[in-house]
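Colleague: Before I use this model, I should like to go through it point by point. Please show it first.

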Amino acid sequence: MNGSGSRIDIGALPGRPCSAAAALQVVGEKWTLLAVREIFFGNHRFEAIARNTGAPRDRLAARLRSLEHAGVVGRRLYNERPPRHEYHLTDAGRDLAPVIRALLDWGDRWVHEEPPIVMVHEPVATTDTGSRAEGDDAHGHDLDTAWICRTCGEEVARGTLTVDVRSPGWDRAGPASAPATT
């Protein structure tokens with residue numbers, strides 16, 4: 001986890017060695033991702049996270065501990081007596097924002113008729129004076145995301161990706177068969 005948390009040995013996991021499988025070991029459970037969503041939305045206290053996720057308190061506490069151990073969240077003391085902590089996303093946790101966004105987009109398209117949550121993009125100031133350029137919406141606009149390749153700058157379109165399997169002994173179909181000996 002880049003300096004904090006613990007790494008997953010993908011070779012020790014069953015099945016295909018894959019970073020997605022390792023990531024799911026850390027965040028691949030409903031209450032875990034919903035806790036990350038709530039912290040991402042600005043809800044840092046346990047009570048708010050529990051209320052807004054609907055998670056059983058004991059399960060949520062366990063998930064937050066595992067996220068802290070993995071370096072996804074950090075705790076900050078906000079009350080000494082009794083000791084109470086807030087949860088904040090680390091760099092690793094903030095890097096989950098596109099995952100949360102992708103789940104929201106998928107749910108809006110395939111599960112829910114009307115989006116119950118809309119993310120709004122408020123662009124940074126675009127003039128030398130620090131104010132928005134003329135014609136900019138001062139209140140932002142609904143976020144419409146795209147997957148952009150950083151190398152070429154093009155939007156990634158359906159059908160333009162291939163898989164290059166780099167795990168020894170594996171190919172796209174699964175475990176590579178051993179070469180025949182003669």
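Colleague: With which handedness does helix α2 pass helix α3?

Modeller: A crossing is left-handed if the near helix is turned anticlockwise from the far one by less than a right angle, and right-handed if clockwise. On that criterion, the crossing in which α2 passes α3 is right-handed.

Colleague: How many helices and strands does the protein have?

Modeller: This is a predicted model, in which local features need pLDDT of at least 70 and side-chain atom pairs count only at pLDDT 80 or more, while totals for chains, interfaces and linings use all residues. Residues are numbered from 1 along each chain as its sequence is written, and side-chain values use heavy atoms, with hydrogens and water left out. Helices (H or I, at least four residues) and strands (E, at least two) are DSSP runs, numbered from the N terminus. From the N terminus on, the order is α-α-α-α-β-β-α-α-β-β-β-β, and the protein has six helices and six strands.

Colleague: Which word describes the orientation of α2 to α3?

Modeller: α2 spans residues 30-40, and α3, residues 46-53, packs against α2 at about 120° with the axes 9 Å apart. Axes are lines fitted to C-alpha atoms, for helices over the stretch in contact, and angles run from 0 to 180 degrees between N-to-C directions. Angles under 35 degrees count as roughly parallel, over 145 as roughly antiparallel, 65 to 115 as roughly perpendicular and the rest as oblique. The angle of about 120° therefore makes α2, relative to α3, oblique.

Colleague: What percentage of the 182 residues count as buried?

Modeller: Relative accessible area decides this: under 20% is buried, over 50% exposed, and anything in between partly exposed (1.4 Å probe, protein chains only). Of the 182 residues, the buried share is 23%.

Colleague: What accessible area do Phe 40, Phe 41 and Ile 117 have together?

Modeller: Phe 40 lies in α2, while Phe 41 lies in the loop between α2 and α3; both are partly exposed, Phe 40 at 32% and Phe 41 at 32%. Patches are made of residues with over 30% relative accessible area and no salt bridge, like charges being joined within 9 Å and nonpolar side chains (Val, Leu, Ile, Met, Phe, Trp, Tyr) within 5 Å. Areas come from the Shrake-Rupley method with a 1.4 Å probe, and for residues only the protein chains shown count as cover. Phe 40, Phe 41 and Ile 117 form a nonpolar patch on the surface, and their joint accessible area is about 220 Å².

Colleague: How many residues apart in sequence are the parts that Arg 45 and Glu 86 tie together?

Modeller: A salt bridge requires a side-chain nitrogen of Lys or Arg within 4 Å of a carboxyl oxygen of Asp or Glu, and Arg 45 and Glu 86 form one with their closest N and O atoms 3.1 Å apart. Arg 45 lies in the loop between α2 and α3 and Glu 86 in strand β2 (residues 84-89), so the pair links parts whose separation is 41 residues.

Colleague: Is Glu 86 buried or exposed?

Modeller: Its partner in the salt bridge, Arg 45, has a relative accessible area of 37% and is partly exposed. Glu 86 has a relative accessibility of 19%, so this residue counts as buried.

Colleague: Which helix holds both Arg 101 and Asp 105?

Modeller: Their side chains meet in a salt bridge of 2.8 Å, N to O. Arg 101 is buried at 13%, whereas Asp 105 is partly exposed at 27%. Because they are four residues apart, about one helical turn separates them, and the helix is α6 (residues 97-110).

Colleague: How many salt bridges does the count give?

Modeller: Side chains of opposite charge can pair when their charged atoms come close. Another pair is Asp 164 with Arg 166, at 3.0 Å between the closest N and O atoms, and both residues are exposed. The count of salt bridges comes to eight.

Colleague: What is the omega value of the cis peptide bond between Arg 81 and Pro 82?

Modeller: Pro 82 lies in the loop between β1 (73-79) and β2. The cis bond joins Pro 82 to Arg 81, with omega at about -10°.
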